[in-house]
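Reader: I would like to learn how to read the enclosed spaces and the charged pairs in a model of this kind. Could you take me through them in turn?

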Amino acid sequence: MFGHVSPLKVYIGIFAALMVLTVVTILVAYVDLGEMNKVVAMGIASFKATLVVLYFMHVKYSSRLTKLIVVSGFFFLAILLTLTMADYGSRQWVNPPAILQ
Amino acid sequence: MHADAHGHAGHGHGAQHPALQHQFETMGQQKEAAVLGMWAFLLTEVLFFGGLFMAYMLYRIWYPDAFVAASTSIDLKWGALNTVVLIGSSLTMALAVRAAQTNQRKATVNWLILTMVLGTVFLGVKVIEYADKFEHHHVPGPNFVWAEPGHEAAGADAGTASDHAVSAQEAANLQNHTQIFFSLYFTMTGLHALHMIIGIGIMLVITWQAYSGRFSSEYYTPVEMTGLYWHFVDIVWIYLFPLLYLIDRS
C-alpha cells in the first residue's frame, strides 16, 4: 500500500556485493600498503555500510526528512572523530614526549 | 440519526485501520514518525559506538606494534565466518520485512526465525572465540599474559646488561599495551553481542505477532523497525571486523 517494495533481485544483489567486498577486505589485509592499510580497510567498510543503509534500511526510498536525519548523525560522528583527533594530535606538540617520560 | 451515522462514515472516520493511533491522520504519517524516531535512536547508538571506535583508533596510533601483534593473534577464520553469518542474517531480515510488506504471513515468520538462528550462530562462534581468549590468558586482568612468539629468542642473544634492560622494558610495555587492545576488544565485541541478544529478544516478540497475523501490507511498522535495529548491529560489525581482525596482517 505504502512504502517501497524492493524486488528480490536488489536484496540478493546487495548481499552478493557485500560478500565480494568482505573477501576483498580480507585479501587486501595481507597486502602491505603502509599507512594506507587503515584507510583502505575503513573505506571498504564505509562502502559496505552505505549499501546496507541505502538498500537494506530503505533510506534510498525514504523521505528527505529521514535522509537529512541520517546524514546529520554521521556528520556528528565525523565531528567527534575529527575534533578529538585534532586535539590529541596537537597536544603532543605542546608537551613533547621527552617531558612525558 | 441514521443519516448522521452515514455522514460520519463518509468523512472517513469509520474505516480506520485498527493499528492507527488517534494522534495520526494516516497510516503513512504514523509510519513516517516511527521511522524518524527509530533513526534518532540509532544515531545515539552511532555516537555511542563512535566513542569506542575513537578510543580504539587513538590507542592504535599510540601503540601500533602492540596493537598489530595482539590483532594478528586473533584467529581470522572465526571473524570471517561471523561476518558472512551476520550479513546473511541482514539479508534474511530484509526478506522478512519484504514478506510482511507483501502480505506473506508464513514467509515473514520463517525469515524471522532464520534471522534469529543466524544471530544465535554468530553468538555461538563468539563463545568459542571468548573461550579461546581465556585459554591463552588474553583476558585483561591479573591473569593476563602476553607471550610474544619471538620473545625467548630475543632474550637469549641479548649480550650486554643494558640491552637486556631495554628488552625487559619493551616486554613490560607490550604486556600493558596488548592488554589495552584486549580491553577494547572485549568492550566492543561484548556490547555488540549484547545488542544482538536484545535484537533476538525483540524478534521473538515480533515473530509471535507476525504468526498471530497482526501485520499486513498496510501495517508492518514493527517488523521494519526491528529490521532497522538489526541492520544497525550488522553495520557495527562491518566496522569491528576490519578494525579488530584485519588491519596490518601483512
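Reader: Which element gives the most residues to the lining of the largest cavity?

Author: First, the ground rules: this is a predicted model, in which local features need pLDDT (the predictor's confidence in each residue, from 0 to 100) of at least 70 and side-chain atom pairs count only at pLDDT 80 or more, while totals for chains, interfaces and linings use all residues. Residues are numbered from 1 along each chain as its sequence is written, chains are lettered from A and ligands numbered from 1 in the order in which they are written, and side-chain values use heavy atoms, with hydrogens and water left out. A cavity is a set of points, on a 1 Å grid over the protein atoms alone, where a 1.4 Å probe fits but cannot get out, and its lining residues have an atom within 4 Å of a point. Here α1(A), a helix (a DSSP run of H or I, at least four residues, numbered from the N terminus), gives the most to the lining of the largest cavity, with 3 residues.

Reader: Which residues line the largest cavity, and what is its volume?

Author: A volume is the space filled by probe spheres set on the grid points, which are joined across faces, edges and corners, and for the largest cavity it is about 50 Å³. The lining includes A:Thr25, A:Val28 and A:Ala29, and also B:Leu246, B:Ile247 and B:Asp248.

Reader: Which element gives the most to the lining of the second largest cavity?

Author: That is α8(B), with 4 residues; the cavity has a volume of about 40 Å³, and among its lining residues are A:Phe56, A:His58 and B:Glu224.

Reader: With which residue does B:Glu224 form a salt bridge?

Author: A salt bridge is a side-chain nitrogen of Lys or Arg within 4 Å of a carboxyl oxygen of Asp or Glu. B:Glu224 forms one with B:Lys31, the closest N and O atoms being 3.7 Å apart. The pair links distant parts of the chain, 193 residues apart, with B:Glu224 in helix α8 and B:Lys31 in helix α2 of chain B.

Reader: Are B:Glu224 and B:Lys31 buried or exposed?

Author: Buried means under 20% relative accessible area, exposed over 50%, and partly exposed in between (1.4 Å probe, protein chains only). Both B:Glu224 and B:Lys31 are buried, whereas in the salt bridge of A:Lys38 and A:Glu35, A:Lys38 is partly exposed at 26% and A:Glu35 is exposed at 62%.

Reader: Where in chain B does pLDDT stay under 50?

Author: Where pLDDT is low, the predicted coordinates should not be read in detail. In chain B, pLDDT stays under 50 over residues 1-12 and over residues 150-158, although the chain averages 88.

Conventions
Helices (H or I, at least four residues) and strands (E, at least two) are DSSP runs, numbered from the N terminus. Contact means heavy atoms within 4.5 Å. On a 1 Å grid over the protein atoms alone, a cavity is a set of points where a 1.4 Å probe fits but cannot get out, and a pocket is an open set with protein on both sides within 12 Å along at least five of seven lines; lining residues have an atom within 4 Å of a point.
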